[in-house]
Amino acid sequence: MIGKIALVAFASVVLLFYVPFLALGYYITGGGELKIPSFSMVATTFLLAVLTAVVSIAVAYPAAYYLAKWGSELEFALVTAPLWVGTLLKAYSLLVLFAIVERFTGVALWGTAAGVLVGMVYEYLPYALLTLYAAIEKLSESPVNAARVLGASRLQAFLRVELPLSMPGVAAAFILVFLFAMGEVIMPAVLGAWKVYTFGSYIWDLYFKARDIFSGSVMSLILAALSLLATYVVVRTIRSLSI
Amino acid sequence: MRALRIYTWALIVTLYVPIGLMVALSFNNSKLPYVWGGFTLRWYEALFSWGQAWQAILNSVVVALVVSFTATLLGIFMAYVLRQVKYIAVSQVAVVMPEVSEALAFAAALWLVKTYTGVDLFGPVGVFLAHLAYTLPMAHVLLAPYVAYVSRSAVEAARILGASELRTMFSVVMPILAPAFVATFLIVFANSFDTYIKTAFTTSPGFVTAPILLWSYAARGRGDPTIYALATFMLIPSLVAAAIYFRAVKRYS
């Protein structure tokens with residue numbers, strides 16, 4: 001009985017989540033004129049995604065290290081909680097913050113790539129932090145202790161032993177954030193004021209403005225395939241991490 | 001270590017500055033965000049007398065309630081029965097899939113249904129199904145680690161004493177998983193309540209949810225402080241979820 005309920009639930013995941021992708025296939029076989037995205041747009045998206053991942057990891061790493069070694073429950077909770085605030089709310093609150101920043105410092109962030117970058121880092125920082133945290137927490141103390149006993153300073157022990165050992169976690173965090181950032185729609189739209197145009201916004205516009213489901217389907221499938229590939233790589237790296 | 005602690009706390013504070021500022025400004029008696037005009041509740045009064053906003057919040061709450069209840073309940077069955085890695089992997093892939101791709105696929109499927117059967121699912125039903133499509137795998141993934149806390153002996157004892165499979169599920173397994181159920185329910189609720197992209201692709205113009213309403217202002221600029229009040233209102237589910245979640249999960253450690 002419970003097995004049947006579980007299977008029905010599982011079947012509905014497949015039906016509701018995976019089967020719709022076949023509809024994309026249907027629209028692709030239907031044919032149409034493929035609107036190829038401009039090179040500069042793909043480049044912008046790619047650069048923004050790479051930068052988001054790099055900046056998030058650089059900012060999150062020290063905090064993740066601290067949390068994994070000495071963090072309290074409260075600190076952990078405070079870092080995780082922003083995950084539950086919706087992207088749109090975060091984007092909107094940054095919009096307000098940008099107006100204040102512009103007024104007092106003269107730095108205009110709204111409608112610029114820098115503003116979008118700030119937004120995406122703000123959004124994905126907790127993801128990077130939690131992934132790094134998981135990786136650093138799993139590290140055994142003994143290699144560091146060995147390095148210390150053999151005369152390495154604390155900094156040396158970190159740079160030569162712990163940092164290299166946590167690299168799989170860094171790779172996993174990079175791929176995760178990069179992937180999310182590649183498909184991002186809300187931050188470029190709200191903070192980039194549609195001036196910073198990304199792959200996600202392109203798919204969005206293909207559906208809502210151009211009503212071109214054919215091109216949208218092709219782009220969506222490319223994005224989905226990329227995501228599958230990246231997930232596979234992440235899962236492989238995390239598995240090798242635990243061994 | 002001290003430097004790292006200071007750094008971490010600085011980062012935590014930074015994470016809360018934009019949201020905190022927006023909440024503070026929803027009580028600001030000035031239309032300009034950089035001018036503090038004193039404390040006021042007038043933006044909330046404006047929000048409360050704004051029928052469309054009420055309707056949108058109500059729509060969001062109803063959808064999120066139904067979605068989170070269905071997803072968490074079915075998710076418990078999935079997590080309890082389908083423990084093998086292959087099933088969890090199917091759900092994990094769904095969790096990390098880019099939102100636009102997924103939303104477009106769903107919209108395309110709804111178009112096909114409309115073209116071939118004449119049934120127009122765009123609107124509340126479409127939104128419900130689209131939300132269920134991604135929250136069900138999410139609930140599965142979130143609940144999976146907690147199933148290990150249900151001991152085999154408790155389940156076997158119940159079965160030997162004559163409880164049916166379903167009875168065991170409701171009287172033994174579910175109570176043990178109750179804190180995880182609450183935690184997952186809250187995460188899914190907050191997530192469904194806040195989701196914009198999937199809703200936008202599957203709704204009809206007549207069915208406006210709170211994120212859709214917020215977007216119609218946010219995509220054009222800041223707007224009036226009434227929107228800050230709306231956004232502050234929309235934070236409530238996330239805050240409640242965050243506050244209760246850690247307490248619920250702590251019971252397992």
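In what order do the elements of chain B run from the N terminus on? They run α-α-α-α-α-α-α-α-α-α-α, and the count that goes with this order is 11 helices and zero strands. Before I go further, please keep in mind that what we are looking at is a predicted model, and that every value I quote is computed from it.

Let me stay with chain B for a moment. Its C-alpha atoms, taken along the principal axes, fill a box of roughly 70 × 65 × 35 Å, and of its 253 residues 44% count as buried. If we take the contacts in chain B between residues at least 6 apart in sequence, 80% of them join residues at least 24 apart.

Now to the side that chain B turns to its partner. Here 67 residues of chain B are in contact with 68 residues of chain A. On the chain B side, at least two residues each are supplied by a list of helices that includes H1 (2-25), H3 (51-81), H8 (165-194) and H11 (225-250), with H1(B) giving the largest share, namely 12 residues. As for the character of this side of chain B, its residues divide into 57 nonpolar, five polar and five charged.

Let me move to chain A, and to one pair of helices in particular. Two packed helices are described by the angle between their axes and the distance between the axes. For helix H5 (residues 87-105) of chain A and helix H6 (residues 113-138) of chain A, the axes come within 10 Å and cross at roughly 135 degrees. That angle lies outside the range of 65 to 115 degrees counted as roughly perpendicular and is not over 145, and H5(A) and H6(A) are therefore oblique to each other. The crossing of H5(A) and H6(A) is, in addition, right-handed. From H5(A) the contact is made by A:Thr87, A:Lys90, A:Ala91, A:Leu94 and A:Phe98, and from H6(A) by A:Gly115, A:Val118, A:Gly119, A:Tyr122 and A:Glu123. Sorted by type, the residues of this contact are five nonpolar, three polar and two charged.

My last stop is a single residue, A:Ile222, which is found in helix H12 (residues 213-242) of chain A. Is A:Ile222 buried or exposed? The answer falls in between, because A:Ile222 has 14 other C-beta atoms within 10 Å, whereas a buried residue would need 20 or more and an exposed one 12 or fewer, so that A:Ile222 is partly exposed. Finally, A:Ile222 and A:Ile36 are 186 residues apart along the chain, and their C-alpha atoms are separated by 12 Å.

Terms used: Residues are numbered from 1 along each chain as its sequence is written. Chains are lettered from A and ligands numbered from 1 in the order in which they are written. This is a predicted model: local features need pLDDT of at least 70, side-chain atom pairs count only at pLDDT 80 or more; totals for chains, interfaces and linings use all residues. Two residues are in contact if their C-beta atoms, placed from the backbone, lie within 7 Å. Helices (H or I, at least four residues) and strands (E, at least two) are DSSP runs, numbered from the N terminus. Ala, Val, Leu, Ile, Met, Phe, Trp, Tyr, Cys and Pro count as nonpolar, Asp, Glu, Lys and Arg as charged, and the others, Gly among them, as polar. Axes are lines fitted to C-alpha atoms, for helices over the stretch in contact, and angles run from 0 to 180 degrees between N-to-C directions. Angles under 35 degrees count as roughly parallel, over 145 as roughly antiparallel, 65 to 115 as roughly perpendicular and the rest as oblique. A crossing is left-handed if the near helix is turned anticlockwise from the far one by less than a right angle, and right-handed if clockwise.
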